[in-house]
Every structure is written in C-alpha cells, then in structure tokens.
Amino acid sequence: MNPFGTIRAPRELIFGFGQRHALSAVAGKLGRRALLITDARLAGDPALQAMADRLAKAGLAVRVDGSTLPDVPVDSAMARAAAARDFAPDLVIGVGGGSCLDMAKCVAVLLTHGGQPQDYYGEYKVPGPVMPLIAIPTTAGTGSEVTPVAVLSDTERSLKVGISSPHLIPTVSICDPELTLTCPPGLTAIAGADALTHAIEAYTAIRREPLPGIAQERVFVGKNALSDHFALRAIELLWQGLAQAVHEGSDRAARAKVMMGATLAGLAFGVAGTAAAHAIQYPVGALTHTAHGAGVACLMPYVMAWNAPRIQDELAQMARAMGLPGTPAVIPAVAALFQAIGIPPTLRDLGLAEDRIDWVAEQSCGIARLVQNTPRPLSLPDMRTLVMAAYTGDRAALG
C-alpha cells in the first residue's frame, strides 16, 4: 500500500479554555483594521464585546458587523462586503457558529478579489490568497475554523452552494471550549451530530489513486493516511463526549472533547471530503427547512448501512475506537446515539413528504462531487432505494 497522505490546516491553531483572550496578540501581528463578523445575538454578548474592547486597547481599529443570517444568503454576503469597504479592513475575524465563520470567509474573498460569490462556486475558483482571517467558533460542529469551504444559500438554485479553496482556510483559528458552555442542548446536539457525520464520512470516503498532483487538482482528494488519523480520533472524542455535552452542558471535559472532535473532523473532511449523507441532505434541507446537522445525522446510519460491504475495515477500527464489541455493533450504536440526543431517526420524521422521494433521489445524484466520494457506487435506482430506506427507517433493505 502507498501510504499517501495530505492535510491542510490554518497557519496556527490554538485550542483550550480561555484561549480567546489571546485574540488581540494574534490579531496585532496580522493587521491594524479588524472587521469582526458575527450575528445579532452574539454582537451583544459580553464575551464578544470583551474581545472587541481588547482589540481596541491593543491599538486596532475595530468594526463589529453583527448581521450574519443563518445559512448565509448569497445577497447578504455581497451586502456585508459592500458595507465594509468604507472601513477598509486589512483583517477579518469571524466569531460564532458555522454561518458566521462562512460569512467571514466569503467577505474576505470579496474584499480581496471583488466580484460576487457566484464567481467562486465550486473548487479552486478563488484566484489567490485572501486577506488575513481569524476564526473563533462558538459552537462545535461545522469545523469551518479549519476547512477550505464556505457554504452559502442560493435562493435562485433553492440549494446550498459551496466555495471550496485552500485560500479559505483561516490564517489562525482559536478554539475555546468555554465559548460553548452556554450553547443550548438542541444546538449542541445538531452541531455535534454534524461533526460526527463529518468524521465518519471522511473516514469511510473513497480512497483514490494517489497520483502526483492530486491535491492540486482536487480540493477533496478522498480518504488518506493523514485524514484517517484525524477522523478516527474525532470519532473517538465525539463518541465519548457528545451525549454528555448535550445532557450536561456545564461539563467542561465533555465540551472540550466535542470541540476538539469537531475541529479534528474538520481537518479530516477538509481534504477527504464528505459523501452521500451530505448529497442527500441538500435537497432534503431545501424541502423541509430543517437544520443541516439534523439532516446529515438522520441519514448517516443509512448511508453507513449502504456502504457496509465496502467499509468493513473502517467499521472494525471504529468499533475499537468506540469501545464496542465488534463491527456489527457500530451502525446501530451510531443510530442510537443520534436518537438519544434528539436527531429524527427517519426522513419522514424530518418532515419529508413521501411524494418527493424521487425528486430528492434525482437531485442527490446530481451532486456528483459528493456521490462520487461514496465508496459503494450509487446509481439513480440505488439512490432511490437509499432515500426510501431512510424515509421508512428500514436499514435492513440496504444490505
């Protein structure tokens, strides 16, 4: 076996309780005019106000933009970039959940290179480096603090779209689990389930032939020796900490495990990519208007069941990492964990209408980048079988 591996990461990644207080020292080395992007709720939070005050005391000019909307509508990203131009920032700081970090990435691209988000849809469309970017997550889920991806919602397409480029990886990421202590149980569950799905899909993705230059031709190259290392450790940490963080939000050890797991999962899928669970969630989310994390987690046990004939080695490694008795226990255990933290167990429970199953299957197959990352091929009839099983709750139909 050729032990091929690749990883992409921030220039600096700082993790630990209280590490957000290092922001002013970090930012002072990167710029003098900081645009701090967050949402309306966090804009009034004392922790964020303290960050802004420390930046100002360190001699930086600071503007706080608290207008980020969920799922980052494309027109809102254009509006925020336009509104920031008179401030002339030379540094962007994203503080918040995945939407805030993705908005910060998109604004950094637009301020540096101009144009509109649509110019950069897909892979390797960002023409060069963007202005320095610092990411400070307040939830533990998307991994956006370390990934080369910004996800936006495009109303014209009625789907989420992605900008994927190594230039989007933040310059510095500061992961402070203390910022997640007040995250409510429902959001903790959805975000953490998203992170576990990222880790599992990265670990079970297709392994491509490691031709020289593959990482320069593809943002997402499939599973490899380095992504596997981060993905398996993420699975272990999230398995250990997620339920406890949901049910006992003040448990600092559990919060640290979940945030570390989410960040490691981001490092893994940032090069390996995600697969069918994400491909199916995009049209399901467009129809049901349900949270991304809830959708991908609902789908994950069914996708694992579909892939099971091709991922026996990975399931065996997961069983050991999770402390389970053997390979057959893994998929039921993942499904049980998700159900225990409130993730709907079927697409019917998620709100999908049965008469839209065919449409979901067709749309999912159209997201070729993700479907092709799935280790067991999915034709349109296969996809319909998978979606129907996820609708009815019949994993046995996928064996």
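**Exercise 1. Determine where Thr288 is placed and what its side chain meets.**

Solution. Step 1: Thr288 belongs to helix H10, which covers residues 276-288; helices (H or I, at least four residues) and strands (E, at least two) are DSSP runs, numbered from the N terminus. The structure is a predicted model, in which local features need pLDDT of at least 70 and side-chain atom pairs count only at pLDDT 80 or more, while totals for chains, interfaces and linings use all residues. Residues are numbered from 1 along each chain as its sequence is written, and side-chain values use heavy atoms, with hydrogens and water left out.

Step 2: Thr288 has a relative accessible area of 14% and therefore counts as buried (buried means under 20% relative accessible area, exposed over 50%, partly exposed in between, with a 1.4 Å probe and protein chains only).

Step 3: A polar atom of the Thr288 side chain lies 2.8 Å from the backbone oxygen of Val284. The side chains of Thr288 and Thr290 make a polar contact at 2.6 Å. A polar contact is a pair of N or O atoms within 3.5 Å; within protein, one must be able to donate a hydrogen and the other to accept it, and residues adjacent in sequence count only if both atoms are side-chain atoms.

Step 4: Leaving out residues up to four places away in sequence, Thr288 touches Leu350, Gly351 and Leu352, where contact means heavy atoms within 4.5 Å.

**Exercise 2. Compare the settings of His289 and Asp71.**

Solution. Step 1: His289 lies in the loop between H10 and helix H11 (292-307). Asp71 lies in the loop between strand S3 (61-68) and helix H4 (74-84).

Step 2: His289 has a positive phi of about 55 degrees although it is not a glycine. The phi of Asp71 is also positive, near 70 degrees. Most residues other than glycine have a negative phi.

Step 3: His289 is exposed, because its relative accessible area is 68%. Asp71, at 36%, is partly exposed.

**Exercise 3. Establish the strand order of the open sheet of three strands.**

Solution. Step 1: The order is S5-S8-S7, with mixed pairing; two strands pair if DSSP finds at least two bridges between them.

Step 2: Strand S5 (122-123) and strand S7 (149-154) are the edge strands, each pairing on one side only.

Step 3: S5 and strand S8 (residues 159-164) run parallel and are joined by two bridges. Gly122 has Ile163 in S8 as its bridge partner.

**Exercise 4. Identify the residues with the most contacts inside the largest nonpolar core.**

Solution. Step 1: These residues are Met304, Met318, Phe338, Ile341, Leu347 and Leu386, in a core of 78 residues. A nonpolar core is a set of buried Ala, Val, Leu, Ile, Met, Phe, Trp, Tyr and Cys residues joined through side-chain atoms within 4.5 Å.

Step 2: Another core, of 27 residues, lies apart from it; Ala104, Val107, Val126 and Met131 are among its members.

Step 3: Beyond its neighbours within four places in sequence, Met304 is in contact with Ile200, Ile311, Leu315, Met318, Val330, Ile331 and Val334.

**Exercise 5. Describe the overall form of the protein chain.**

Solution. Step 1: The protein chain has 17 helices and nine strands.

Step 2: A compact globule of 399 residues would have a radius of gyration near 21 Å, so the 20 Å of the protein chain agrees. This radius is taken over C-alpha atoms, and the globule rule is 2.2 Å times the number of residues to the power 0.38.

Step 3: Of the 399 residues, 57% count as buried.
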